[in-house]
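User: I have a two-part request: strand pairing, then backbone geometry. Could you take me through both?

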Amino acid sequence: MITPRDSSPPPRGGPDPTTDLASQHRFEYVVALADDALISAQRMGWWISRGPQLEEDVALANIGLDQLGQARTLLAHAGEVEGAGRGEDDLAYLRDERDFRNVHLVERDQSDFGVAMARLLLFSAYHAELYAALRSSTDQTLAGVAGKAVKEVAYHLDHARQWVLRLGDGTEESHRRMQAALDTEWRYLDELFDDSWVAPELIDEGVAVDPASLREPALARVLPVLREATLTVPEVLPAVGGGRRGLHTEQLGYLLAEMQHLTRSHPGATW
Amino acid sequence: MVISRRAQGALLHAGTTHAHTRAYDVAASVLDPELPVVTIEDLGILRDVTEDDQGRVHVQITPTYSGCPAMETIRTELEQTLTAAGYQRVDVEFVLSPAWTTDWMSDEGRAKLTAYGVAPPAARADTDGGPIPLTLSVRCPQCGSPDTRESSRFGSTACKSLWVCQACREPFDHFKTL
């Protein structure tokens, strides 16, 4: 289990504490990025067989698959950085809720299609900027993941954009529901750009991207879509957040229970 | 073995060089499990094959999309095919960088896809996370008509989109440009 190692002194004669702390910071950064992608992928998977049309089932499944692929490489990398022998499956299936570091935006139920599209618009605009910047990370694996993901995310963003335009600038009813969905999701936007949890050294060393620096370019992708969709930029107070510190909404627990139960009930099962 | 100019250019572009070893030729014969008419070399997934004097083979392949579920099958196929060809030990490594692009698909690969009923990707436009470039026309692989429309940007696998031909009314897959 991941417990903050810096809360207790490193064991005598153990690894160099400076290196240990640096890899702990990098581990936490990579895990947070991985968890955003993993939990979003799991929510996307919920839509399979429930989309408004067959093509939409396929689209959301594919978007989830891209995110899952990103998450897998990131989790495997986090395991290597940690150096404690945990692999991608250990990190995905055997961590408890408090050890997940994803933002609240991606973890909540999205069984309303408008909510799913509003969220995908915000999340993929952020993802597009994050991965574009991470391509020049000094961490070669992060740069490699980003180089692939940036092209995939362009398709996600475009998909969300098309639906937000269609629903926002559609009928009176579709406009009302798209606006309501946007109002709900907008509260969770700020947490994406919170930089308080990223160790400053990681940013200085060019490993991590300062999340705060992504706000302006990400919004520059979102705002023209809202304008064209005749939607109003919500004026709402940001939600409390806390995902980066392992504090989550009740809904994440249910998601993890479903995602993890097979591995936990049948440890080591293969097929 | 003949490598098309496009494939050569792609390999040079990616900074990969490989000797035309027997191991390379064996690895290059492995078919893509989801599009079993094209080889992994046709698709540009096969990046490098090296062989040491102990007969050990190291193969590098790159996924098309991050979540491509075919990668594990391709790894198994490579191991089995090379083992059957007499190589004692085979390592298959996934490399992410440089990121795969449909530009690495060979001319033969494109022709085989068309014959199989999948419209091949257009020349690449570097999206850089920006807007998806409009595809002006995707030619119907059945009747050749350019009068086609996209019915869904996401298809049966991560790398394909769904199209319908307005001329012959047949639906078809298009290998997305990436």
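Analyst: The exchange below covers strand pairing and then backbone geometry. This is a predicted model, in which local features need pLDDT of at least 70, side-chain atom pairs count only at pLDDT 80 or more, and totals for chains, interfaces and linings use all residues. Residues are numbered from 1 along each chain as its sequence is written, and chains are lettered from A and ligands numbered from 1 in the order in which they are written.

User: In which sense do β2(B) and β3(B) pair?

Analyst: Strands β2 (residues 56–61) and β3 (residues 89–94) of chain B are parallel, with six bridges. Strands are DSSP runs of E with at least two residues, helices are runs of H or I with at least four, both numbered from the N terminus, and two strands pair if DSSP finds at least two bridges between them.

User: Which residue is the bridge partner of V59(B)?

Analyst: V59(B) is bridged to V92(B) in β3(B).

User: What do β2(B), helix α4 and β3(B) make?

Analyst: Together with helix α4 (residues 71–84) of chain B, the two strands make a right-handed β-α-β unit. Right-handed means that, with the strands pointing away from the viewer, the path from the first strand over the helix to the second runs clockwise.

User: New topic: which peptide bond is cis?

Analyst: The bond from S97(B) to P98(B) is cis, with omega near -5°. P98(B) is in the loop between β3 and α5 (107–116) of chain B.

User: And what is phi of S49(A)? Is S49(A) buried or exposed?

Analyst: Phi of S49(A) is near 80°, a positive value in a residue other than glycine. S49(A) is exposed because it has 8 other C-beta atoms within 10 Å; the cut-offs are 20 or more for buried, 12 or fewer for exposed, and partly exposed in between, with C-beta atoms placed from the backbone.
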